[in-house]
Amino acid sequence: QVQLVESGGGLVQAGGSLRLSCAASRSIFTFNAMGWYRQAPGQQRELVAAVTSGGSPNYVDSVKGRFTFSRDGAKNTVYLQMNSLKPEDTAVYYCNAKNMLSGTSIDYWGQGTQVTVSS
């Protein structure tokens, strides 16, 4: 069973930075895609940043230029560096990994980490 363990959330003032980490229980390169999602209270979960195997990260427009997705294969860990944080970035952030099997997406999720940005 795949496990994804997030860390790095917390409370930060607007304009500040946080780095989220997601440690996987197996090589991150065995997944077809990995990404970060977030869910604010009363909102649907949205994709923040994602990368497919061998590709470059894609970002939702609202975080472009502020957030950076990166990977460390030796540590089986992906990161989300978040700079210039805004109150609207407040949400629970989830790490996601996907495998495609016969056209079906198999999704794995972390437990989530809370990010709160105060104004």
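Leaving aside its neighbours within four places in sequence, which residues is N96 in contact with? This is a predicted model, and N96 is a good place to enter it. The contacts of N96 are L4, A33, M34, G35, Y37, D107, Y108 and W109.

Start with the setting of N96. The residue lies in strand β9. Is N96 buried or exposed? Its relative accessibility is 2%, so N96 counts as buried. The cut-off for buried is under 20% relative accessible area. G110 gives a further point of reference. N96 and G110 are 14 residues apart in sequence, and their C-alpha atoms are 6.6 Å apart in space.

Now look at one contact of N96, D107. The side chains of N96 and D107 are joined by a polar contact of 3.0 Å. D107 also has a charged partner. K98 forms a salt bridge with D107, and the closest N and O atoms are 2.4 Å apart. D107 therefore appears in both a polar contact with N96 and a salt bridge with K98. How accessible are the two ends of that bridge? K98 has 21% relative accessibility, so it counts as partly exposed. D107 has 31%, so it too counts as partly exposed.

Side chains of opposite charge can pair when their charged atoms come close. How many salt bridges does a search of the whole structure find? The search finds 5. The bridge between K98 and D107 is one of them.

Move on to R38. This residue forms a salt bridge with E46, with the closest N and O atoms 2.6 Å apart. R38 has a relative accessible area of 6%, so it is buried. E46 has 31% relative accessibility, so it counts as partly exposed. This bridge thus joins a buried arginine to a partly exposed glutamate.

Next comes D89. It forms a salt bridge with R66, and here the closest N and O atoms are 2.8 Å apart. Where in the chain do D89 and R66 sit? D89 is in the loop between β8 (77-82) and β9 (91-101). R66 is in the loop between β6 (58-59) and β7 (67-72). The two residues are 23 residues apart, and the pair links distant parts of the chain. Both D89 and R66 are buried.

These last two pairs belong together. R38, E46, R66 and D89 are linked in a network of salt bridges. Trace the network from R38 and E46 to D89 and R66. Then return to strand β9, where N96 lies.

Technical notes: Residues numbered from 1 in each chain as written. Predicted model: local features only at pLDDT ≥ 70, side-chain atom pairs only at ≥ 80, totals over all residues. Heavy atoms only, no water. Salt bridge = Lys/Arg side-chain N within 4 Å of Asp/Glu carboxyl O. Buried < 20%, exposed > 50% of the residue type's maximum accessible area, 1.4 Å probe, protein only. Helix = DSSP H or I, 4+ residues; strand = E, 2+ residues; numbered from the N terminus. Contact = heavy atoms within 4.5 Å. Polar contact = N/O pair within 3.5 Å; in protein donor to acceptor, adjacent residues only side chain to side chain.
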